[in-house]
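I opened my notebook to get to know a new structure, one look-up at a time. Come and read along with me.

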There are 2 protein chains.
Amino acid sequence: MDEERARPGLRERKKQRTRQAIATAALRLFAERGYEETTIADIAAAADIAPRTFFGYFPSKEDVVFAEIDDRLAEVSERLRRTPGETPMETIRRSIVDVLNAVVAEHAEYGAIQVALVLERPALRARALQRLTDAQDAIEALLRDLCPGIPEIDAVAASGIAVGGMQAVVAHCRREGYDPVSMRTALDRAVHVVEHGLVSVEALSRPSP
Amino acid sequence: MDEERARPGLRERKKQRTRQAIATAALRLFAERGYEETTIADIAAAADIAPRTFFGYFPSKEDVVFAEIDDRLAEVSERLRRTPGETPMETIRRSIVDVLNAVVAEHAEYGAIQVALVLERPALRARALQRLTDAQDAIEALLRDLCPGIPEIDAVAASGIAVGGMQAVVAHCRREGYDPVSMRTALDRAVHVVEHGLVSVEALSRPSP
DNA sequence: CTCTAGTTTTGCAATAGATGCAACTTTGCA
DNA sequence: TGCAAAGTTGCATCTATTGCAAAACTAGAG
């Protein structure tokens, strides 16, 4: 349970390389000919493994799309720890910013390929949303940890609100092709609304025309 | 484009009956033996149609699970209209309450079967989430309509926050088996947090232990 | 009532993802 | 060097999903 750092293990190392090879090959093929136009067999051939082996690394064709993203998010979740002296609100805010940094970075890096991919294919979009609820659960757990006596519903609502708000804005920015800077500005605004609620959006309190 | 009321049409009527038969049979089988344990062939047999015909009514096995829910949500979206004199904030609040009423009602009625089904199967949960983003888009559109000049990001963030918050609480209540009344109380609390933001959750502002 | 044109339902075949199983290799280590 | 665990692969099989074309059915026009 305590052997993470500095011990890949020769065997383990190879597995990682294979996993990476599969992911890379798959992404390349998806970008070239499209998602459904690429079969498991194609990927296997490109990664130089047997088709059957694919499933030893990824439970489904869909999951390979998120391989890289998952890795990055895993790193981030390491940083989701508490920092002495902070108020829970600050911790949450910092955590959100961390995750967003990862998202924005990933967006700039792989960008176009996967974004388009995930946005088009319903199956992939669904898978992506699944990832989000996982994140939501993680944040809820963090909240409970930070605020031992927090009312159950408050923790649930707060995490849902935070994730929901961020998700909506990120999706919107990607769909509209925002550049990283604009996206950043938009996200800052979203964080503000998450913290201060819909009442802080003046437009919502003005009587409709 | 204007022939909805009072004209089913003999032929059309039969289609609706078949559709209903398929949905009913499918739900029953899912409840009895489980989702993946039920094949399209089984459903077809129970609904007394050819397997191939199933796909003439539903694009996929997953969709049949949401047949009833979709119908209900369609009704609700009819009520998502503005009411003169209300402030946008009030309209949003009322709309959310409307949707929640539908959700709670559906929960009490079909309850156990589908809820368990959707919660267990990853594929179904994903599909359900997809439904949510649709709702989110609808709310965003409503917002834009209500507040002509509202900043793009504000509309996006607000709808994401509202839907995200509600979704989290509803899912939580179902998972924990809340009764309709408790669920209602929880949702009211959630609406409050959505409106006033995370800063309104006292626990979040107290320094962590 | 009957026939025609249009619609639905089916049957059949084929594709592709996913899984269980068992044989075959490779690797870690005594 | 030799064994046992771990990783790969080939094969058979299941199931969802789709294209195609024949068969069955229905609404109306004669």
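Here are my entries, in the order in which I made them.

**Ground rules.** I am working with a predicted model, in which local features need pLDDT of at least 70, side-chain atom pairs count only at pLDDT 80 or more, and totals for chains, interfaces and linings use all residues. Residues are numbered from 1 along each chain as its sequence is written, while chains are lettered from A and ligands numbered from 1 in the order in which they are written.

**Chain A, overall.** I looked up the secondary structure and found eleven helices and zero strands in chain A. Helices here are DSSP runs of H or I with at least four residues, strands are runs of E with at least two, and both are numbered from the N terminus. Of the 209 residues in chain A, 34% are buried, where buried asks for 20 or more other C-beta atoms within 10 Å of the residue's own, with C-beta atoms placed from the backbone. I also checked contacts (C-beta atoms, placed from the backbone, within 7 Å). Among those in chain A with a separation of 6 or more, 56% join residues 24 or more positions apart.

**Domains.** The assignment, which is automatic or from a database, splits chain A into domain 1 (1-60) and domain 2 (66-209). Five residues from domain 1 of chain A and five from domain 2 of chain A make the contact. What classes did I find on the domain 1 side? That side has five nonpolar, no polar and no charged residues. Nonpolar covers Ala, Val, Leu, Ile, Met, Phe, Trp, Tyr, Cys and Pro; charged covers Asp, Glu, Lys and Arg; the others, Gly among them, are polar.

**UniProt record.** The unreviewed entry lists "domain: HTH tetR-type" at residues 16-76 of chain A. It also places a "DNA-binding region" at residues 39-58 of chain A. I kept in mind that such annotations may be inferred rather than shown by experiment. Over residues 39-58, chain A is 75% helix and 0% strand, with the end C-alpha atoms 14 Å apart.

**DNA strand C.** I counted as near any residue whose C-beta atom, placed from the backbone, lies within 6 Å of the strand. The 16 residues around DNA strand C have A:Leu10, A:Thr39, A:Ser60, B:Ala50 and B:Thr53 as the closest. Helix 1 (10-33), helix 2 (40-47) and helix 3 (51-57) of chain A, with helix 3 (51-57) of chain B, each give two or more residues to this surface. Which element gives the largest share? Helix 3 of chain B does, with three residues.

**DNA strand D.** Here I found 18 residues, and A:Ala50, A:Thr53, B:Leu10, B:Thr39 and B:Ser60 come nearest. By class, the surface near DNA strand D has seven nonpolar, five polar and six charged residues.

**The two chains together.** Chain A and chain B each bring 52 residues to their contact. On the chain B side, helix 9 of chain B gives the largest share, 15 residues. That side has 28 nonpolar, 16 polar and eight charged residues. I then laid chain B on chain A: a turn of 180 degrees and a shift of 0.0 Å along the axis give an RMSD of 0.4 Å, which is the relation of a two-fold axis. The superposition is by least squares on C-alpha atoms of residues with pLDDT of at least 70 in both copies. Since 100% of the interface residues of chain B are also interface residues in chain A, the copies meet through the same surface.

Note on methods
Two residues are in contact if their C-beta atoms, placed from the backbone, lie within 7 Å. A residue is buried if 20 or more other C-beta atoms lie within 10 Å of its own, exposed if 12 or fewer, and partly exposed in between; C-beta atoms are placed from the backbone.
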